[in-house]
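Work through the following exercises with the sequence and the model side by side. Try each task before you read its solution.

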Amino acid sequence: MIVRIMGEGQVKLADSHFAELNKLDDELLEEMEGGDEPGFRRTLHALLDKVRELGTPLPDDALEPSELILPSPDATLAEVRDMLTDDGLIPG
């Protein structure tokens, strides 16, 4: 799956990594629902760091359609809330 982190670029991520990422996504959702800004910030950074760690960066000139778009590291709680689906940021 091709994943875009807003403001950074794209990475190719194997589907096998999504169970691990969904745990962080669930944690992020709980923190957002509870209004835990410090926890939200910490977990958002952990989620994005894990995507960078597990993914393979695509070249800057690659024009692949992104199947998943994640917020930038400096996104606000409100901005991320606007990006949520019923599954959180990451489907599944």
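**Exercise 1. Find what share of the residues in the protein chain is buried, and then classify I5, E37, R42 and K23.**

Solution. Buried residues make up 37% of the 92 residues in the protein chain, where buried means under 20% relative accessible area, exposed means over 50% and partly exposed is in between, with a 1.4 Å probe and protein chains only. The model is a predicted one, in which local features need pLDDT of at least 70 and side-chain atom pairs count only at pLDDT 80 or more, whereas totals for chains, interfaces and linings use all residues. Residues are numbered from 1 along each chain as its sequence is written, and side-chain values use heavy atoms, with hydrogens and water left out.

Now take the residues in turn:
- I5 has 2% relative accessibility, so I5 counts as buried.
- E37, with a relative accessible area of 37%, is partly exposed.
- R42, with a relative accessible area of 53%, is exposed.
- K23, at 63% relative accessibility, counts as exposed.

**Exercise 2. Describe the order of helices and strands, and place the four residues in their elements.**

Solution. Begin with the count, which is three helices and four strands in the protein chain; helices (H or I, at least four residues) and strands (E, at least two) are DSSP runs, numbered from the N terminus. Along the sequence these elements follow the pattern β-β-α-α-β-β-α. The chain has a radius of gyration of 13 Å, close to the 12 Å that the globule rule gives for 92 residues, so it is as compact as a globular protein of that length; the radius is taken over C-alpha atoms, and the rule is 2.2 Å times the number of residues to the power 0.38.

Next, place the residues: I5 is in strand β1, K23 lies in helix α1, and both R42 and E37 belong to helix α2.

**Exercise 3. Identify the residues of the largest nonpolar core that touch the most other members, and list the contacts of L70 and I5.**

Solution. A nonpolar core is a set of buried Ala, Val, Leu, Ile, Met, Phe, Trp, Tyr and Cys residues joined through side-chain atoms within 4.5 Å. The largest one here has 21 residues, of which V3, L28, V51, L70, V80 and I90 touch the most other members. Two or more residues come from each of β1 (2-5), α1 (18-33), α2 (37-54), β4 (68-70) and α3 (77-83).

For the contacts (heavy atoms within 4.5 Å), leave out residues up to four places away in sequence. L70 then touches V3, R4, I5, M6, L48, V51, M83, L89 and I90, while I5 is in contact with L48, V51, R52, L70, P71 and S72.

**Exercise 4. Set separation along the chain beside distance in space for three residue pairs.**

Solution. Each distance runs from C-alpha to C-alpha. K23 and I90 are 67 residues apart in sequence and 9.8 Å apart in space. R42 and L28, 14 residues apart along the chain, are separated by 8.9 Å, and E37 and T85, 48 residues apart, are separated by 20 Å. For the chain as a whole, among contacts between residues at least 6 apart in sequence, 66% join residues at least 24 apart.
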